[in-house]
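Visitor: Please pick one part of this molecule and take me through it slowly. I would like to know what it touches and how it sits among its neighbours.

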Amino acid sequence: LYLKFLEKTSQAAPYPSLTRLAIAACYEEKGDTAGAIETLKPFTAGSEGPFKEQAMFQLARVYRLANQQEKSRQILKEFIEKFESSTYLPIAKALLR
C-alpha cells in the first residue's frame, strides 16, 4: 500500500520521506530487517531533510536488530555528530557505551 502511494504521490516534501519511514517500519514489523535497512540507507545518506534525524536513529536500531552491531555504532556516531540537540541524543550515547 505504501509502495503504491509512493509511486503515485507528489515527490514534494514531506510525502516521500514520511512514506519511506512507514515502509521501513512495515518491513521491520514483518521481521524483514534487510528490507528496512535498504529502505532507510538511501534516505539517511542523502542531503539533510526534515526526517533525516528520525531515519538515522531508526536505521541504527534496525542494524542492531539485524545483529550488525558495528554498522549500528557507526550510524550512532554520525547521529551524535549531526544532531547535537536531538531528543534522542541521550539514548544514542547510552547505546554506544
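**A close look at helix α4**

Guide: Following the sequence from start to end, you meet the pattern α-α-α-α-α-α. The model is a predicted one, in which local features need pLDDT of at least 70 and side-chain atom pairs count only at pLDDT 80 or more, while totals for chains, interfaces and linings use all residues. Residues are numbered from 1 along each chain as its sequence is written, and side-chain values use heavy atoms, with hydrogens and water left out.

The protein has 6 helices and 0 strands. Here helices are DSSP runs of H or I with at least four residues, strands are runs of E with at least two, and both are numbered from the N terminus. Of the 97 residues, 37% count as buried; buried means under 20% relative accessible area, exposed means over 50%, and partly exposed is in between, using a 1.4 Å probe and protein chains only.

Let's settle on α4, which covers residues 52–65, and begin with its partner α5, residues 69–82. The two pack at an angle of about 160°, with axes 7 Å apart. An axis is a line fitted to C-alpha atoms, for helices over the stretch in contact, and the angle between N-to-C directions runs from 0 to 180 degrees. That is why α4 and α5 are described as roughly antiparallel: angles over 145 degrees get that name, those under 35 are roughly parallel, 65 to 115 is roughly perpendicular, and the rest are oblique. Their crossing is left-handed, that is, the near helix is turned anticlockwise from the far one by less than a right angle, whereas clockwise would be right-handed.

Which residues in α4 and α5 meet? From α4 come K52, E53, M56, F57, L59, A60, Y63 and R64, and from α5 come Q69, K71, S72, I75, L76, E78, F79 and K82. Contact here means heavy atoms within 4.5 Å. Sorted by class, this contact has 8 nonpolar, 2 polar and 6 charged residues. In this sorting Ala, Val, Leu, Ile, Met, Phe, Trp, Tyr, Cys and Pro are nonpolar, Asp, Glu, Lys and Arg are charged, and the others, Gly among them, are polar.

In the loop between α4 and α5 sits N67. N67 is not a glycine, yet its phi is positive, at about 60°. With a relative accessible area of 65%, N67 is exposed.

Now turn to another neighbour of α4, namely α3, residues 33–45. α3 and α4 pack at an angle of about 145°, with axes 9 Å apart, and this crossing is left-handed too. In α3 the meeting residues are T33, A36, I37, L40, K41, F43, T44 and A45, and in α4 they are K52, A55, M56, Q58, L59, V62, Y63 and L65. They divide into 11 nonpolar, 3 polar and 2 charged. Within α3, E38 forms a salt bridge with K41, their closest N and O atoms being 3.5 Å apart; the term stands for a side-chain nitrogen of Lys or Arg within 4 Å of a carboxyl oxygen of Asp or Glu. E38 and K41 are 3 residues apart, about one turn of the helix, and K41 is partly exposed at 34% relative accessible area.

By that rule the count comes to 2 salt bridges. One of them involves α4 directly: the side chains of E28 and R61 meet at 2.6 Å, N to O. This pair links distant parts of the chain, with E28 in helix α2 (residues 15–29) and R61 in α4, 33 residues apart. R61 is partly exposed, at 28% relative accessibility.

A last stop is Y88, in the loop between α5 and α6 (89–96). Setting aside neighbours within four places in sequence, Y88 is in contact with E53, F57 and F79. Y88 and E53 are 35 residues apart along the chain, but 8.9 Å separates their C-alpha atoms. Y88 counts as partly exposed, with 28% relative accessibility.
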